[in-house]
Amino acid sequence: MDKKYIAYVSAYTHGKSKGIMICDVDIEQGHFTPRSEVVIHNPSYMAKSHSGKYLYSICDEGLVAYRILENGNLGFINQGSINGMRACYLTVDSKDRYIFCAGYHDGKATIVRIREDGGIGEVTDEVFHKGLGSVAERNFRPHVSCVLLTPDEKYMIACNLGTDQAEVYRFNSVTGKIRPVDVIRCELESAPRTMVFSPDGKFAYLSHELKNYVAIYSYRDNGRLPEFELIDRISTLGHDSYKKNSAAVAIKFSPDGKNLFVSNAGDDSVAIYDRDEETGKLTMRSVLPISGDYPKDIAIFPDGKHLVSMNHETNEMTFFRINYEKGILVMHGKPEAIETPNCCIIAEIK
């Protein structure tokens, strides 16, 4: 039997949107068909459990947990607090025991336990970041933009684009507690935004919002401490004309991990890279427009052959075929209207 997929797209609710749009996914055509909406207050980033049974979303009140039903619809489980201002980014550990939350507005990293029924549990640990950055408008104080575990799940990384560093903590998977062990210091005024790891866990890729590049690190645990070694940096732009008005936003791997995609707001484009699996280095293939404004998120289809861009400022999703041989994106199909889209998750219906 062919696999079936559903897409969840979050959007702010200050206008026509009700919250999370549920879409049927045509994998072969690389397109979404809106089906229904779930009411939730201003959902931004979302995360899916590794079991595929649950969906978690940020909202004004904290976090909301949903059960993914057989037809792809969402069943409300509960809502929980993160003891602070609204978060901007979520990840979940591989055993679906904890949610890791990044707080842009209050500079806080928060860990929340997941209940046995998939619901939001209690906060197990939290840390407010301190320090000053160097740019008065954007990174003059702590803004935690991404929180995730290393692939071995021994450490938690909190990217802080406000202070130009990523803080590293040892993570106790039994208690859900953390303690600081290291800091990855980045270039001044670079604003490290989001980190992703290669499928083999050997390399980390850290996008820098203000300087528009991806920093590539090797990663290993030496038995006492984590070791991140900077290997290379590569621009997310194909030219310099938009450098002052552009920001590296979303960063995503192809399903096989052989290619990396980064969206640029301002430049309103997506960069495509080939990835050397031995060295971890990236080679840029192209930087192409997404036919909209502010691609706040992108999602690669499970077949790896299509990409969808969440164009936040032009209130639409645009769809593309990925031609890996030529290293280009080819727009196809009509855009789908959705007001201020923030995040997209494509999930298999099990």
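Hi everyone. A strand here is a DSSP run of at least two E residues, and strands are numbered from the N terminus. With that in hand, let's meet E316, which sits in strand β26, residues 316-323. Please keep in mind that this is a predicted model.

So what is the nearest side chain of opposite charge to E316, and how far away is it? That would be K334, 10 Å away. E316 is buried and has no salt bridge, because a salt bridge needs a nitrogen of Lys or Arg within 4 Å of a carboxyl oxygen. What E316 does have is a polar contact, side chain to side chain, with T314 at 3.4 Å. Beyond four places in sequence, the residues in contact with E316 include S291, M310, P335 and E336.

Two of those names lead us on. K334 forms a salt bridge with E336, at 3.1 Å from N to O. Is each partner buried or exposed? K334 is exposed, with a relative accessible area of 53%, while E336 counts as buried at 12%.

Now for the wider view. Across the whole structure, a search finds 13 salt bridges. One of them joins K154 and D221, 2.7 Å apart from N to O. This pair links distant parts of the chain, 67 residues apart: K154 lies in the loop between β12 and β13, and D221 in strand β18. K154 is partly exposed, at 38% relative accessible area.

Finally, E122 pairs with R113 in a salt bridge, with the closest N and O atoms 2.8 Å apart. E122 is partly exposed at 42%, and R113 is partly exposed at 26%. Thanks for listening!

Definitions and conventions:
Residues are numbered from 1 along each chain as its sequence is written. This is a predicted model: local features need pLDDT of at least 70, side-chain atom pairs count only at pLDDT 80 or more; totals for chains, interfaces and linings use all residues. Side-chain values use heavy atoms; hydrogens and water are left out. Helices (H or I, at least four residues) and strands (E, at least two) are DSSP runs, numbered from the N terminus. Buried means under 20% relative accessible area, exposed over 50%, partly exposed in between (1.4 Å probe, protein chains only). Lys and Arg count as positive and Asp and Glu as negative; His and the chain ends are not counted. A polar contact is a pair of N or O atoms within 3.5 Å; within protein, one must be able to donate a hydrogen and the other to accept it, and residues adjacent in sequence count only if both atoms are side-chain atoms. Contact means heavy atoms within 4.5 Å.
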